[in-house]
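Subject: A structure for you to look at

Hi there,

Here is the structure I promised to pass on. Please open it beside this email and follow along as you read.

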Amino acid sequence: MTCLVKRKLLIFAKVGFCVFALILVASCSGRSQPAPVMSLNTTVAKQNNLTEIDGETYEVQRGDTLFAVAFYSGNDYRDIAKYNNIKAPYSIYPGQTLTLIATPPEYNRNKNNGITSKANSATKVVVDPVKTQAYGEREKKVHRKKLNKKYEPSNKPDNDVSWMWPASGKSTSAVVGSDGTNRGLDIKGDLYSPIYAAASGKVVYAGNALKGYGNLVIIKHDNNLLSAYAHNDTILVSEQRYVKQGQKIATMGRSGSSDVMLHFEIRRKGKSIDPFEFLPKK
């Protein structure tokens with residue numbers, strides 16, 4: 001093979017490589033990039049001050065989930081779904097206005113198809129099976145009494161709830177909010193070590209739909225207070241079940257976290273409060 005032929009082959013090879021590189025760059029630049037995910041998680045919440053939701057209504061923002069709205073407003077997501085006639089899988093959309101409190105019975109009756117204004121006395125009987133779709137079967141017979149109680153705010157003082165430490169570990173540190181207040185605590189410990197209910201109450205959430213919290217358990221203790229247990233490895237309780245103080249509810253893990261730890265919060269009507277003021281002194 002002559003030198004001239006070798007030189008031509010080398011030129012063709014270089015040209016071919018350049019063309020390939022240009023095609024590759026063009027294809028990469030034309031590829032659509034995924035939209036940034038905005039959600040009510042620990043990181044985004046701190047940056048956007050979305051750790052609390054006040055008021056009787058809330059306008060859904062991009063990335064919100066019903067589970068997160070319920071947590072940050074201090075509600076059971078089933079209640080919010082019920083107030084707004086939202087069915088499973090509980091999808092919500094930006095700009096949607098959610099009612100966060102129970103509405104008067106007259107309003108609920110008007111929203112039920114097939115119930116007329118003439119059924120004044122019969123309505124109390126007919127409404128019960130229709131409005132219990134978001135709850136467990138065990139609550140059907142007593143739903144009317146529980147619903148009426150929700151209109152009365154609880155005056156029960158916080159100190160009526162007895163608290164214990166939910167876990168033990170190698171270290172415990174406070175989670176400080178942007179305003180300088182303690183908004184939770186992190187307990188770092190051993191993988192699979194037990195996590196206990198810090199107070200008696202009802203499990204209103206058990207799952208991993210809240211980004212940034214991993215496997216999460218939320219227990220409601222009264223109309224005002226709930227506690228949250230995040231980053232669990234295994235959840236040992238199911239929703240709508242009542243648990244006693246000291247009952248094992250999960251095992252410690254690193255779901256949604258780089259370290260093995262329990263992130264623990266106490267919230268009053270959706271507002272995160274300093275748990276060290278309630279837990280026994282060590």
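Let's start with strand β7, residues 215-220: six of its six residues are buried, so the strand is largely enclosed by the rest of the structure. Please keep in mind that this is a predicted model.

Now look at which way the side chains go. In a regular strand, side chains alternate between the two faces of the sheet. In β7, N215, V217 and I219 point one way, while L216, I218 and K220 point the other way. The residues on both sides are buried.

What does β7 pair with? One partner is strand β6 (residues 201-207), which runs antiparallel to β7 and is joined to it over five bridges. To find this pairing on your screen, look for K202, which stands opposite K220 of β7. Strand β8 (residues 225-235) also pairs with β7 in the antiparallel sense, again over five bridges. Here you can look for V217, whose bridge partner in β8 is Y229. Between β7 and β8, the chain passes through a hairpin of four residues.

One more residue to find is A206, which sits in strand β6. Is A206 buried or partly exposed? Its relative accessibility is 22%, and buried means under 20%, so A206 counts as partly exposed. Leaving aside residues up to four places away in sequence, A206 touches L216, I235, V237 and E239. Of these contacts, L216 belongs to β7. A206 and V237 are 31 residues apart in sequence, yet their C-alpha atoms are 7.3 Å apart in space.

Have fun exploring!

Best wishes

Technical notes:
Residues numbered from 1 in each chain as written. Predicted model: local features only at pLDDT ≥ 70, side-chain atom pairs only at ≥ 80, totals over all residues. Heavy atoms only, no water. Buried < 20%, exposed > 50% of the residue type's maximum accessible area, 1.4 Å probe, protein only. Helix = DSSP H or I, 4+ residues; strand = E, 2+ residues; numbered from the N terminus. Pairing = 2+ DSSP bridges. Contact = heavy atoms within 4.5 Å.
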